[in-house]
Structures are given as C-alpha cells and as structure tokens.
Amino acid sequence: MIGSLAAPSFLGGCAGGTTDKAAGISFAMNHFNVSESDMKKVLAVALEKGGDYADLFFEHSYWNSIGLQDGAVNRSSSNIDYGMGVRVLSGDQTGYAYVENITLDEMLKAARTAARIADGPAGKAPAALTEKPLVNNYYTVQTPWDEIAVKEKTPYLQKINDRIFALDNRVTKVNASLGDTTSHILFCSSEGVVYYDYRPMVTLGAVCIMEENGKIENSYASRAYRMGAEFLTDDVIETIAKEAVEKTSILFKAVKPKGGEMPVVMGAGGSGILLHEAIGHTFEADFNRKKVSIFSDQLHKKICDEHINVVDDGTLPFNRGSVNIDDDGVDGQKTYIVKDGILSSYLHDRISAKHFGIPSTGNGRRESFRMMPIPRMRATYMEAGNVTEEDIISTVKKGIYASSFTNGQVQIGAGDFTFFVKDGFLIENGKLTQPIKDINIIGNGAKALGDITMVGNNYKMDNGTWTCGKDGQSCPVTCGMPSALVSKLTVGGES
C-alpha cells in the first residue's frame with residue numbers, strides 16, 4: 001500500500017486550492033487502508049471501559065537526507081515511519097497505545113490497552129464522523145518532495161559549497177546537508193471530528209570552517225520551512241552561504257570579555273531562543289495546571305513592561321512551527337501569551353483547556369503517532385516595539401550585544417537558565433566595539449522578561465532549524481524577536 005501510493009496527483013490539486021472537501025478524507029482512508037466503519041469500531045472499543053473521550057492518530061512520514069563533505073555529496077539516507085495511536089481520556093488520566101501494523105485487529109488491541117485507564121461502565125457511543133475541513137492551509141505545496149530525485153537535489157549542495165569557498169579565501173572546508181520530510185496525518189475522535197493534513201518540511205544548512213594564521217573558526221547557517229521543492233532557489237543558497245561566511249569571519253576578531261552583571265542587548269531574530277526556552281515553556285498550560293511554573297498564579301496580571309507583546313503563532317505561512325490543525329483536532333491559531341505586559345493566556349491542549357474551562361489554543365502537539373499530544377509551542381516571538389536598535393544601544397554605557405545563541409540549559413518550572421552566546425559585541429559608551437564570542441549568560445526567565453526596558457522596531461523571525469525537546473518528544477518550532485534591552489543579566493566571561 002505504501003509503495004504504490006500516487007500522492008503527487010492528489011497533492012497537486014490540494015496545492016491549487018481544491019474545493020472538493022471529501023477528497024482529503026477519502027484519500028487518507030485509502031492511504032491508510034482503513035474505513036469509516038473500522039474507525040468507529042476502534043473508537044467504540046476505546047470507550048468500552050467508560051472513558052470520556054477517545055481519538056485515533058494515523059501517521060505516515062518519510063524523511064530523506066543528503067550531505068556534502070570534502071567538496072562532494074557523499075552520503076544519503078531515508079526513513080519511513082508508519083502507524084497509528086489510540087488515546088483515551090478519563091477524568092485527568094490518559095491511556096495510550098500504538099501499533100505499527102494498521103489492521104483492524106491490531107487497532108482493536110491498542111484500543112483495549114488504552115481503554116484500561118478508565119474503570120466503569122461502557123462510555124457513550126462515538127459521534128458520527130464528520131470531516132473537519134481546513135479553514136486555512138498555511139503550507140500549500142507547489143512541488144511535492146515525492147517528485148524530486150536525489151540527483152536533482154545534489155546540485156544545490158554543490159552550489160552552496162562552491163559559493164562559500166568563493167566568498168572568502170580563508171575557507172578550508174564546508175559541511176552541508178539537505179533534509180526533506182513529508183507527513184500524511186489522519187485524525188478522528190469520539191466527538192466526530194475527522195481531518196486529514198499533509199505536512200511538508202525542508203531543512204538546508206551549512207557549516208563553514210575557516211583558517212587564518214593557524215587559527216581555526218567555524219559557524220553555521222540554516223533555513224527550515226514547511227515547503228516543497230520550490231524552496232530550493234539560488235536566493236536561499238546565496239543567503240545561507242553569505243550568513244555562514246560572515247558569522248565565521250567575525251570570530252577571528254572576537255575576544256572573550258570580562259564577566260559580571262551588566263545590561264544585555266538581545267539582537268533581533270535568533271535571540272528568540274531565549275524567549276522560547278527560558279520564558280515560553282513556563283507559559284505552557286501543563287506546567288501551570290500542575291502549578292510547577294513560576295507563572296501559575298499570574299494569569300491576567302502584569303508581568304512586564306506594557307510595551308511588550310509575546311505571541312505563539314501557528315498560522316504563519318510556510319513557517320516551520322505552523323499547524324493547520326493541531327494533533328488534538330483544533331485549528332491552528334495565533335495566541336497572545338502576553339498582551340501589553342499582561343499575562344493573557346497559557347498555551348493549551350485539550351486536557352489543560354478542559355481543566356481551565358476554556359477553549360484550546362491549538363497547542364496540542366506530538367512528535368509522532370507513538371506519543372500522546374502535550375502543550376507545545378509553535379512559532380514564539382515578541383512583537384516589535386517603538387525604538388530603533390541604535391537608540392537601545394546608545395543607552396548602554398557598558399554591556400554586551402548578543403547576536404546568536406547555540407545551546408543552553410533551562411529549569412522549566414522556575415525559569416532559571418544558562419545560554420551559550422556564539423558571537424556578539426561589546427557595548428562601550430553607547431556603541432558596538434569589540435566582537436566577542438563563547439560566553440554564557442545566566443539568569444531567570446521571568447525576571448529577565450520583567451527587566452526588559454526597551455523593545456526595538458526591528459522584529460525578525462529566525463527561520464533556522466529549531467527543534468524543541470520536552471518530555472522525551474521533539475517538535476519543529478521557530479522563534480523570533482526584535483532587539484531588546486535586558487537591564488541586567490549575569491555574563492560569564494573572563495575573570
């Protein structure tokens with residue numbers, strides 16, 4: 001069944017905006033070789049122990065990757081993931097089971113396993129299944145990855161290699177990779193909701209390695225979107241190549257500054273990782289439902305400057321973190337977490353929304369059919385403020401400007417964090433001076449948010465290959481922000 005699927009013909013119509021709403025579900029049921037009768041039987045068995053709610057999540061994902069090293073494309077790999085999961089909710093308890101062989105017998109076994117979370121008389125019968133059409137498709141595809149052979153992808157990695165070498169004679173090596181993923185998702189619930197979603201993904205990145213007077217430096221640039229093969233253009237090659245070279249080149253001039261507590265200007269774009277990790281997780285509703293988040297008693301209260309707005313958005317076109325419909329069956333949407341300095345909403349999945357007695361925000365996400373959905377971020381960013389970056393920098397007598405971040409550690413409940421700053425600048429008497437590198441910034445997310453005193457008008461989304469890990473699950477996300485001044489953070493540098 002998998003090998004004989006003729007996906008491109010269907011997807012071509014979908015990308016063009018087909019109005020045949022039944023085609024999606026019909027295609028999906030044929031794809032997974034299940035019938036409406038099968039799904040109803042599995043849902044009924046899932047509720048036979050008295051569960052309140054049940055859903056089925058079918059997934060077929062195929063992933064391809066090619067890599068370049070030493071001037072040649074010399075590695076390639078592919079992976080197929082196929083199966084379905086059954087979830088049963090009973091009060092605040094969850095039962096979950098999955099199978100990798102989608103037959104009626106196997107699905108019924110999984111349903112009986114998941115149903116054991118409940119202990120009571122048989123629950124109500126599942127509602128009649130009705131397709132939930134896509135209100136919006138945020139990632140239409142012009143050229144599905146199914147139609148692109150490996151030999152058609154390799155020239156793009158060769159181009160990025162050649163362009164990086166051409167930009168600077170200090171380049172000694174380039175490592176580049178291109179990955180694409182296509183996911184077919186079929187979802188149905190005991191409430192009668194059925195939907196089909198086609199989810200594309202592409203990542204392209206390059207590591208640039210340079211040598212100058214015996215000193216070696218390296219940096220990385222990437223782009224990731226929910227797009228088909230139309231993503232591959234000379235423009236994106238040029239953008240990544242220039243960024244990788246510029247980020248590597250500046251490191252030869254960089255020093256490690258003296259440490260201590262000081263003002264930190266967060267650069268536009270990639271600084272959003274701090275917003276995501278140190279602050280965003282504490283807004284996820286499961287942490288607040290369990291009262292382990294520092295914000296669990298702060299809803300509808302002022303938590304930062306009134307000029308600050310923080311958004312988690314699943315509706316940005318072609319964005320890596322966007323969702324047409326989340327893995328709970330809820331439409332993708334834009335959610336203001338912080339509005340005018342006030343904590344206005346947590347990020348909810350079905351379970352937390354029921355607990356708080358409000359609609360879900362569409363943040364129920366899962367890594368794959370093997371896992372149940374939990375509250376997860378999508379594209380998290382701070383909206384633009386009303387001052388220029390130059391104005392912000394001019395107010396700092398002595399501090400640092402953080403350009404890009406790599407890894408870090410966060411204690412999610414309390415929000416305490418340590419982040420590694422790959423590169424940036426010293427700020428001296430209101431001006432950027434010496435480039436800096438390889439430092440840590442240490443602080444608390446809630447306090448850092450409260451200590452933001454200026455927000456720039458230069459909002460930027462960082463469309464890199466961000467992946468968020470939580471509770472053993474990984475999900476694609478994005479982050480962004482304008483330049484912002486944090487009045488004080490601890491900088492770990494030279495003593």
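**Fold, cysteines and pockets of a predicted model**

The protein chain has eleven helices and 23 strands. The model is predicted.

Visitor: What radius of gyration does the protein chain have, against that of a compact globule with 495 residues?
Guide: A compact globule with 495 residues would come out near 23 Å. The value for the protein chain agrees with that. The C-alpha trace spans about 70 × 55 × 35 Å along its principal axes. The radius of gyration of the protein chain is 24 Å.

Visitor: What share of the contacts with a separation of 6 or more joins residues 24 or more positions apart?
Guide: Take burial before contacts. Of the 495 residues, 54% count as buried. Among contacts with a separation of 6 or more, the share from residues 24 or more positions apart is 74%.

Visitor: How many disulfides does a search of the whole structure find?
Guide: A disulfide needs two cysteine sulfur atoms within 2.5 Å. Cys304 is in none, as its nearest cysteine sulfur, in Cys479, is 18 Å away. For the whole structure, the search count is zero.

Visitor: Why is the sulfur of Cys468 not bonded to the closest cysteine sulfur?
Guide: The closest cysteine sulfur belongs to Cys475. A disulfide requires a separation within 2.5 Å. Cys468 itself is buried, with a relative accessible area of 1%. The sulfur of Cys468 is too far from that of Cys475 for a bond, because the distance is 7.3 Å.

Visitor: Is Cys304 buried or exposed?
Guide: The cut-off for buried is under 20% relative accessible area. Cys304 has 4%, so Cys304 is buried.

Visitor: Which element gives the largest share of the lining of the largest pocket?
Guide: This pocket holds about 1000 Å³ of space. Its lining counts 41 residues, with Lys247, Ser404, Phe405, Asp462 and Trp466 nearest the centre. Elements supplying at least two residues include helix H6 (234-249), strand E15 (398-411) and strand E16 (416-428). The largest share, nine residues, comes from E15.

Visitor: Which class has 17 residues in the lining of the largest pocket?
Guide: Sort the lining by class. Nonpolar residues number 15, and charged residues number nine. The class with 17 is polar.

Visitor: What volume does the second largest pocket have?
Guide: The second largest pocket has a volume of about 760 Å³.

Visitor: How many charged residues are in the lining of the second largest pocket?
Guide: The lining has 32 residues, and Ser61, Thr181, Ser183, Glu367 and Pro476 are closest to the centre. Strands E1 (53-69) and E2 (72-90) are among the elements giving two or more residues. Eleven lining residues are nonpolar and ten are polar. The charged count is eleven.

Note on methods. Residues are numbered from 1 along each chain as its sequence is written. This is a predicted model: local features need pLDDT of at least 70, side-chain atom pairs count only at pLDDT 80 or more; totals for chains, interfaces and linings use all residues. Side-chain values use heavy atoms; hydrogens and water are left out. Buried means under 20% relative accessible area, exposed over 50%, partly exposed in between (1.4 Å probe, protein chains only). On a 1 Å grid over the protein atoms alone, a cavity is a set of points where a 1.4 Å probe fits but cannot get out, and a pocket is an open set with protein on both sides within 12 Å along at least five of seven lines; lining residues have an atom within 4 Å of a point. Grid points are joined across faces, edges and corners, and a volume is the space filled by probe spheres set on the points. Helices (H or I, at least four residues) and strands (E, at least two) are DSSP runs, numbered from the N terminus. Ala, Val, Leu, Ile, Met, Phe, Trp, Tyr, Cys and Pro count as nonpolar, Asp, Glu, Lys and Arg as charged, and the others, Gly among them, as polar. The radius of gyration is taken over C-alpha atoms; the globule rule is 2.2 Å times the number of residues to the power 0.38. Contact means heavy atoms within 4.5 Å.
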